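Trainee: Please take one part of this model and look at it closely, starting from the backbone of a single loop. From there, I would like one connected account of the strand pairing and the charged side chains elsewhere in the chain.

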Amino acid sequence: MLRGSLAKRGYMRWWHSFSGVQPETGEARTFFVEFFIVNPGLGAARPILGQHPYFRKRGMRPSYVMIKAGAFPDAEGNGGRQLHAFYPISALQATGSPLVMQIEDPRTGLFLYSEDRIVGNLEVTRGEARHRSRMTQAGAMEWDVKVQKAVSCHTGGLCNRLAETFRRLDSFWHGEGIRSFFQGSVKLDGVSYEVAPETGYGYADKHWGRSTGRPWFQFACGKLLSARSDRELRHSVVALNCLHPRLLLFPLRPRLMLQLTYMGEDFQFARCKWETKETGKRFVWHVLAQNKNVVVKLSGSCTKREMLQLQYEDPDGYKDSRPLWAGGGGIGTLQLFRKGAGGRECVDTLKLSDALCVYRGM
């Protein structure tokens, strides 16, 4: 995706998040793994870290592959971890159709990303974590997980080749696995967790473009409890993402795209109304989405103690002063109405839990 001008001023990130359970204690944690590539056309024999004083003094933009892995804090705000490893672009081996990316690290072994499996072993020492340019904590995480992407969000004309050519968006998005099933194992700081399809509540997507923009808003939930049937809907999911359109060089008002997959039926919304409220302890979101057939009302929230402040720099080496909050403990309620001749009819009310929430304000 990083063609043309994006090769020297662009980024791409492949994200996975999923839950695991510690067999002895029953403790559940939400993990994340990401491949992040920035400015591959500027690649050198070593990773160029944009926050490092040596490169900043010389006006060099960042260029590297970053492996990001970690876990969101638990309900009490404990145990959050964010780990980074950096490699030069030349270290990446990649093939397409299907996509497979891998990096061999002589110290820790293989990092593998494919459409159906992710593997890695990441260790960050305390000495490495002291370097602010690495934007990381200290710790270790090892994972070997199979992935089955069951539901995708197709963004259509918003993220096609024509839209890329004319730079209609600052950042493009494809929800390739908004409902994904994960199976395997994770070891975080020596503690082992089992990942099972029934309890993983997995999510996978990718972003690419010139910059992330403000606001950054994502919400995705695959754990939906139906008030109509009083059962959890295994193959249903809701996901939304904020997009930043442009007209030539001029930014337009941000747009929210939402997809609800309910009992095998997809409902997509390209224009939504939303509002955000931030308190001292949590973020609260209200979304109203409608098309010619249905209306969706979604209210969700996530406490700040269950969220991490994810660390990134953009293709210009700029680190945003506004924190990017992310967590896996979101909750909420979704109401689905179907439009008819007599008005709106409520189809179902869904209780949401264990939702992925990512937010950065204006």
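**A loop residue and its wider setting**

Mentor: Y201 is found in the loop between β11 (191-195) and β12 (202-209). Bear in mind throughout that the model is predicted, and that what follows describes its computed geometry. The backbone of Y201 is what draws attention here, since its phi is positive, at about 45 degrees, although the residue is not a glycine. Most residues other than glycine have a negative phi, and most peptide bonds are trans. With a relative accessible area of 16%, Y201 is buried, because the limit for that class is under 20%.

D230 makes a useful counterpart, for it too is not a glycine and has a positive phi, here of about 60 degrees. D230 is placed in the loop between β14 (224-226) and β15 (237-243). Its relative accessible area of 61% makes D230 exposed, whereas Y201 is buried. A backbone feature of another kind appears at the peptide bond from S97 to P98, which is cis, with omega near 0 degrees. P98 belongs to the loop between β5 (93-95) and β6 (100-105).

From the loop that holds D230 we can step back to β14 itself, which pairs with β25 in the antiparallel sense over 3 bridges. Within that pairing, L224 has L352 of β25 as its bridge partner. Strand β13 (residues 216-221) also runs antiparallel to β25 (residues 343-360), and 5 bridges join them; F217 has Y359 of β25 as its bridge partner. A further antiparallel partner of β25 is β24, the two being joined by 13 bridges, with Q335 standing opposite T349 of β25. Between β24 and β25 there is a hairpin, which joins them through 2 residues.

Strand β24 leads on to the charged pairs. The structure holds 14 salt bridges, among them one between E265 and R338, whose closest N and O atoms are 3.7 Å apart. E265 is part of strand β19 (residues 265-269) and R338 is part of β24, so this pair ties together parts that are 73 residues apart in sequence. Both ends are partly exposed: E265 has a relative accessibility of 36%, and R338 has a relative accessible area of 32%.

A second pair is R9 with D316, where the closest N and O atoms are 2.9 Å apart. This pair links distant parts of the chain, 307 residues apart, with R9 in the segment before β1 (11-21) and D316 in the loop between β23 (307-310) and β24 (324-340). R9 counts as partly exposed at 32% relative accessibility, and D316 is likewise partly exposed, at 35%. The pair does not stand alone, as R9, R210 and D316 are linked in a network of salt bridges.

A third pair is formed by the side chains of R117 and D144, which meet in a salt bridge at 2.9 Å, N to O. R117 lies in strand β8 (residues 117-124) and D144 in strand β9 (residues 139-153), so the link ties together parts that are 27 residues apart in sequence. At 34% relative accessibility R117 counts as partly exposed, as does D144 at 32%.

Methods: Residues are numbered from 1 along each chain as its sequence is written. This is a predicted model: local features need pLDDT of at least 70, side-chain atom pairs count only at pLDDT 80 or more; totals for chains, interfaces and linings use all residues. Side-chain values use heavy atoms; hydrogens and water are left out. A salt bridge is a side-chain nitrogen of Lys or Arg within 4 Å of a carboxyl oxygen of Asp or Glu. Helices (H or I, at least four residues) and strands (E, at least two) are DSSP runs, numbered from the N terminus. Buried means under 20% relative accessible area, exposed over 50%, partly exposed in between (1.4 Å probe, protein chains only). Two strands pair if DSSP finds at least two bridges between them.
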